[in-house]
Amino acid sequence: MRTIDRLGDPRGKRILVRSDLNVPLSGSTITDDGRVRASVPTIRALADAGARVVVMAHLGRPKGEPDPRYSLAPVAERLAELLGTDVAFATDVVGDSAHKTVGALGDGGVALLENVRFDARETSKDDAERGAMADELAELGDYFVSDGFGVVHRKQASVYDIAQRLPHAAGELVEAEMEAFGKVLVSPARPYVVVLGGSKVSDKLGVIDNLLGKVNRLLIGGGMAFTFLAARGYGVGGSLLEADQIDVVRGYLERAAQSGVEIVLPTDVVIAAELAADAETSVVSASAIPDDQKGLDIGPATIELFRSKLADARTVVWNGPMGVFELPPFAAGTEQIGRAISEVDGTTVVGGGDSAAAVRKLGLDASAFTHISTGGGASLELLEGKTLPGLSVLE
Ligand code: ADP
Ligand code: MG
């Protein structure tokens, strides 16, 4: 993959940068600016080198037309604060405002275009439609830098088609993500342990499928564990269960047994009748979940078990919380296992939007992990062994 320095001296050049600025908003207040922060280094490096930086990004899922609820205006403000410079905001994507704003940029200046998804062609399945939008975007830049790791699994105009029209390179964030995933996907140090959790096993079948052939141990917690427990013949009460996946999961258990991969399931669970912050909880064996109760976190014996399975690991990938960490009574499993992973002596990579949010929310030391991915879907697709269009187009 080409890196930014391969583009030569960027001074005075207009550089279109695709960033992932898709932050959660409450009204016009950004409730978590992690993605803006992660985008700053590349933008700053280019601006410091004298480039005229034109940032492209999306926010939410507008319906292919301008919608003030999804305006990037609040993000432009936050980006300016974090950069410590002005950010000129274009109120359209490829229209008059975009051309005026970009035309007025001086060397070292930064502009942000309005939400690229205000143009329906951005996400079109039709190559010609996306191509036409990419042609118009290309008029606004001399080079393209791909830095929105969270969108590189998308074949979209500002991610994919634009790279076919301008000299291009990967930004620092995409480079850092690829370096971290390279370490866990290509000849990982062993023992190699993958910790999976989260709500839906069906979201992660591809990951399990691909990793079963590569890892030494698979530790499974979170809501998805109950489909595994059901496949082992346990009743799971009112816990999350994807009954239509039980056979698939049973197949994984058999494959793992044949290939010497250890699949470790919870032995005890924290249960409650209701998902509530003030719920009355108890701990039961994973084989004894009452019919009227839901399993909402892994129990203390499972925490110890998982900890022992992590102690000698040299490579760990973690995707998916161990319980409903958003509510204090069910946060201990995610907190304790997150901490145990952060203490592993080796490469530790966290993928998945909610897992990364858990690290921040539970006050774990983010710097203790080798890498916390900024891309949920993109990181899952890498772990599934897929080729990502926004990455292959950079090669
Ligand atoms: P990620 O974004 O890290 O890939 P997921 O989106 O797969 O993770 O899952 C995250 C969600 O899973 C969290 O909102 C969490 O509350 C939920 N979850 C974890 N354990 C359980 C459980 N036992 N029952 C219900 N939901 C759960
Ligand atoms: Mg998620």
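How many residues surround ligand 1, and which are the closest? In this predicted model, where local features need pLDDT of at least 70, side-chain atom pairs count only at pLDDT 80 or more, and totals for chains, interfaces and linings use all residues, 19 residues surround the ligand, each with a heavy atom within 4 Å of it, and the closest are K204, G295, E326, D354 and S355. Residues are numbered from 1 along each chain as its sequence is written, chains are lettered from A and ligands numbered from 1 in the order in which they are written, and side-chain values use heavy atoms, with hydrogens and water left out.

By class, this shell has five nonpolar, eleven polar and three charged residues, where Ala, Val, Leu, Ile, Met, Phe, Trp, Tyr, Cys and Pro count as nonpolar, Asp, Glu, Lys and Arg as charged, and the others, Gly among them, as polar. Helix 11 gives the most to the shell, with three residues; helices are DSSP runs of H or I with at least four residues, strands are runs of E with at least two, and both are numbered from the N terminus.

Turning to polar contacts, pairs of N or O atoms within 3.5 Å, an oxygen atom of ligand 1 lies 2.9 Å from a side-chain N or O atom of K204, while a nitrogen atom of ligand 1 is 3.1 Å from a polar backbone atom of G295. A further oxygen contact, at 3.3 Å, involves a backbone N or O atom of G353. Taken alone, ligand 1 exposes 580 Å², of which the protein buries 84%, as computed by the Shrake-Rupley method with a 1.4 Å probe.

Methods:
A polar contact is a pair of N or O atoms within 3.5 Å; within protein, one must be able to donate a hydrogen and the other to accept it, and residues adjacent in sequence count only if both atoms are side-chain atoms.
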